[in-house]
Structure formats: structure tokens, C-alpha cells
Amino acid sequence: MNFQVTGLGLDKMKLDSPQSFLDQEEVEEAEDGQLLEPEAWRTYVERRNTLQEFLTSDLSPHLLKRHHARMELLKKCSYYIEILPKHLALGDQNPLVLPTTMFQLIDPWKFQRMKKVGAAQTKIQLLLLGDLLEQLDHGRSELDALLESPDPRPFLAGWGLVEQRLADLSAVMDSFLAMMVPGRLHVKHRLVSDIGATKIPHIRLMLSTKMPVMFDRKESVAHQDWVSLRWFVTIQQAVPEQFELRYKLLDPRTQQECMQCGIIPVAACAFDIRNLLPNRAYKFTVKRAESYTLVYEPWRDSLTLHTRPGTPEGPAPSRLGKLGSSLIAPSER
């Protein structure tokens with residue numbers, strides 16, 4: 001990703017004519033205007049091609065679009081603390097120290113404090129990612145405008161600044177890619193209290209990411225007095241996950257209708273909620289169940305469904321017609 005002008009192979013390019021870089025209109029304009037000497041023209045075409053190559057490879061619109069999509073996904077992810085041992089203490093006879101065992105050794109108050117640190121670190125990381133992506137978008141716009149300039153002389157005169165801009169944008173891209181993956185959580189204090197002669201492995205804390213839980217909007221459907229809900233996770237975990245499903249009636253009209261809500265723990269990616277009111281709108285949300293290691297969860301998916309109207313009360317119209325005709329007096333027929 002590190003950009004170097006000398007690394008683009010410009011010395012191997014064939015620069016026999018400007019037609020290999022510019023369309024016919026630009027060639028005719030340059031020839032008619034005689035803005036540059038031949039050698040200066042060749043230098044201009046070479047450097048313009050360098051800039052075009054950077055914009056079509058390192059900073060292409062397609063690449064920026066993908067990074068924006070990944071950024072939006074990160075804003076919806078859940079972030080957790082993962083506890084890993086650096087190594088076992090010297091002389092420890094246990095070949096493995098499981099995370100559950102280490103949780104028993106960690107001071108709960110210190111761990112809660114580290115969760116707040118992890119949440120703050122995650123928020124800062126997301127803000128920095130957004131700022132870096134904005135810098136890349138702005139840099140792309142600047143370089144595009146430079147290419148569209150009809151006068152090549154300012155382009156040549158300011159090429160040193162252009163080279164510096166390209167190097168700066170390459171460094172920004174490197175920082176953005178490196179920051180996309182949550183890293184180590186910085187620990188200033190020991191999380192394990194002094195417990196005498198017990199040998200404890202050094203602990204390493206990492207921030208881990210889980211993909212968001214999202215409703216399947218095609219498979220989630222509403223019926224007259226019940227709904228069938230389906231959801232999914234882009235990357236399934238190795239072990240089954242627990243979810244928390246919430247629902248509530250929108251715009252309740254009576255005190256009794258205010259009771260049309262609830263929180264349901266679910267151990268699957270599907271659930272049916274029954275005993276709902278017909279022809280009413282309900283809001284549903286789904287997320288992972290609370291975890292001891294969760295540090296930051298800024299988003300949860302929501303879905304609004306409208307139940308179908310109920311069966312009309314009273315006799316059916318066809319039956320009512322027959323009943324009415326039978327009540328007419330014979331003299332009136």
C-alpha cells in the first residue's frame with residue numbers, strides 16, 4: 001500500500017506519442033494551443049498517467065465504496081473483551097488454562113473498569129476510522145479536480161506537492177486498513193489480585209468483533225393474530241448463541257393494550273409470537289443476549305410488521321341477504 005512514484009514502472013512505459021494517454025480531443029487541443037514544449041509535454045503525460053494509475057488502483061471509487069460498506073457494518077457490530085493467556089507460568093503443571101478458569105482469578109471490579117476502557121477504545125476507533133475514510137474521499141475529489149484542469153502548466157509546477165499528497169493518502173489508507181481490525185486492549189493495571197503463591201499466567205486482553213444480528217425481512221411475516229420471525233448472523237459462531245427478542249404494540253389505545261409487549265429469550269434464529277391483535281402494527285427488535293464480556297453494542301435491528309385484519313363480525317353478506325328475503329311479507333313480494 002505504501003506508494004512510491006519510482007515503484008510504478010514509469011521508466012518502462014512507452015511514451016512515443018500522447019495518444020497512448022489522452023483521447024483525440026485532448027491531443028488536438030494540446031497541438032493547437034502549443035502550451036508545452038515536447039519534452040515538457042512528455043513529462044506532463046508521464047506524471048498525469050502516474051496520477052491516473054493511483055486513482056484507478058489505490059484509491060478507486062469501487063474500493064472506497066467497499067470501505068464505506070465495511071464501515072457501516074462495523075457500526076452495527078458487537079464488541080467483546082477476549083481474554084487469552086500470554087504463556088503459562090514457569091513450573092505450572094496445567095497444560096491449559098481455560099478462559100473460564102481465568103475469569104475466576106480476575107478481580108470483578110477491575111474487569112468492569114476494563115470493560116469501560118474497552119468501550120471507550122472502541123468508540124474512539126470507530127470515530128478515527130470515519131475520519132480517515134473522510135480524508136480518503138476528500139483526497140480523491142482533490143486529485144480528480146486536478147486531472148480535469150485544462151491547463152497542464154500548474155499541474156507540472158505543483159508536481160512536488162502532488163507527490164506528497166499521494167504519499168500522505170497512501171499512509172492514510174494503510175492506517176485505515178490496520179484499524180479495521182480491533183486490536184489489543186491496553187491494560188495499565190493487573191487484573192488478577194495477589195492470591196499468594198498461586199502461579200498465574202500473564203493475561204492478554206483483546207477486543208473481538210461479532211457480526212450484527214439482522215432480521216430476515218423476506219421470511220419474517222405477519223398473520224392475523226401472530227407473527228413468524230426469522231433472523232440471521234452473517235458469520236455464524238462455532239457455539240450456539242442466545243438472543244433477546246423484544247416486541248411491543250405501536251399506538252396502544254387502552255390500558256390493556258399497553259400490556260401487548262414483552263422480552264423473550266431465544267436459543268435459535270426463529271420464533272413465533274402469538275396472541276397478538278389483528279390489524280395492528282408491532283415493532284420487533286433482536287440482539288444477542290447480554291454477555292459478561294460485552295463492552296459495546298451501538299446498534300440493534302428492528303422490524304415493524306402489521307397483522308392482518310380479523311374476520312368481520314356478524315353474519316356473512318350472502319347469508320344476511322337470504323335472511324332478509326325470508327323476512328319480507330308475501331304480500332310485499
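Buried here means under 20% relative accessible area, exposed means over 50%, and partly exposed is anything in between, using a 1.4 Å probe and protein chains only. Everything below comes from a predicted model, where local features need pLDDT of at least 70, side-chain atom pairs count only at pLDDT 80 or more, and totals for chains, interfaces and linings use all residues. Residues are numbered from 1 along each chain as its sequence is written, and side-chain values use heavy atoms, with hydrogens and water left out.

**View 1. The whole protein, before zooming in.**
The protein has 8 helices and 11 strands; these are DSSP runs numbered from the N terminus, with helices being H or I over at least four residues and strands E over at least two. Of its 333 residues, 34% count as buried. Take the contacts (heavy atoms within 4.5 Å) that have a separation of 6 or more: residues 24 or more positions apart account for 75% of them. The accessible surface is about 20900 Å², and 54% of that belongs to carbon and sulfur atoms. Those areas come from the Shrake-Rupley method with a 1.4 Å probe.

**View 2. Val45, a buried spot in helix 2.**
Val45 sits in helix 2, which runs over 38–57. With 5% relative accessibility, Val45 counts as buried. Look for Pro152 too: Val45 and Pro152 are 107 residues apart in sequence, yet 9.2 Å apart in space, C-alpha to C-alpha.

**View 3. Helix 7 and what covers it.**
Helix 7 takes in residues 159–179, 21 in total, and reaches 30 Å from its first C-alpha to its last, close to the 30 Å expected at 1.5 Å a residue. That expected span is 1.5 Å times one less than the number of residues. Its buried residues are Trp159, Val162, Leu166, Leu169, Ser170, Val172, Met173 and Phe176. They share one side of helix 7, because they cover an arc of only 160 degrees around the axis; the arc is that of the directions from the helix axis to the C-beta atoms. Over on the other side, Leu161 and Ala178 are exposed. The cover over the buried residues includes helix 2, helix 3 (61–74), helix 5 (108–148) and helix 6 (152–157).

**View 4. The two sides of helix 3.**
Helix 3 has 14 residues, which should span 20 Å at 1.5 Å a residue, and its end C-alpha atoms are indeed 20 Å apart. Leu63, Leu64, His67, Met71 and Leu74 are buried. Their arc around the axis is only 95 degrees, so they lie on the same side of helix 3. Pro61, His62 and Lys65, on the other side, are exposed.

**View 5. A four-stranded open sheet.**
The 4 strands of this open sheet come in the order 7-6-9-11, with antiparallel pairing. Strand 7 (261–266) and strand 11 (301–306) are at the edges with a single partner strand each, so one side of each has no neighbour in the sheet. From one strand to the next, the twist averages 20 degrees. Strand 6 (residues 243–249) pairs with strand 9 (residues 281–288) in the antiparallel sense over 7 bridges; two strands pair if DSSP finds at least two bridges between them. Phe243 stands opposite Arg288 in strand 9.

**View 6. Two asparagines in one loop.**
Asn275 is in the loop between strand 8 (270–273) and strand 9, and Asn279 lies in the loop between strand 8 and strand 9 as well. Asn275 has a positive phi of about 60 degrees although it is not a glycine. For Asn279, phi is near 60 degrees, again a positive value in a residue other than glycine. Asn275 counts as exposed at 65% relative accessibility, while Asn279 counts as partly exposed at 41%.

Technical notes:
Axes fitted to C-alpha atoms, helices over the stretch in contact; angles between N-to-C directions.
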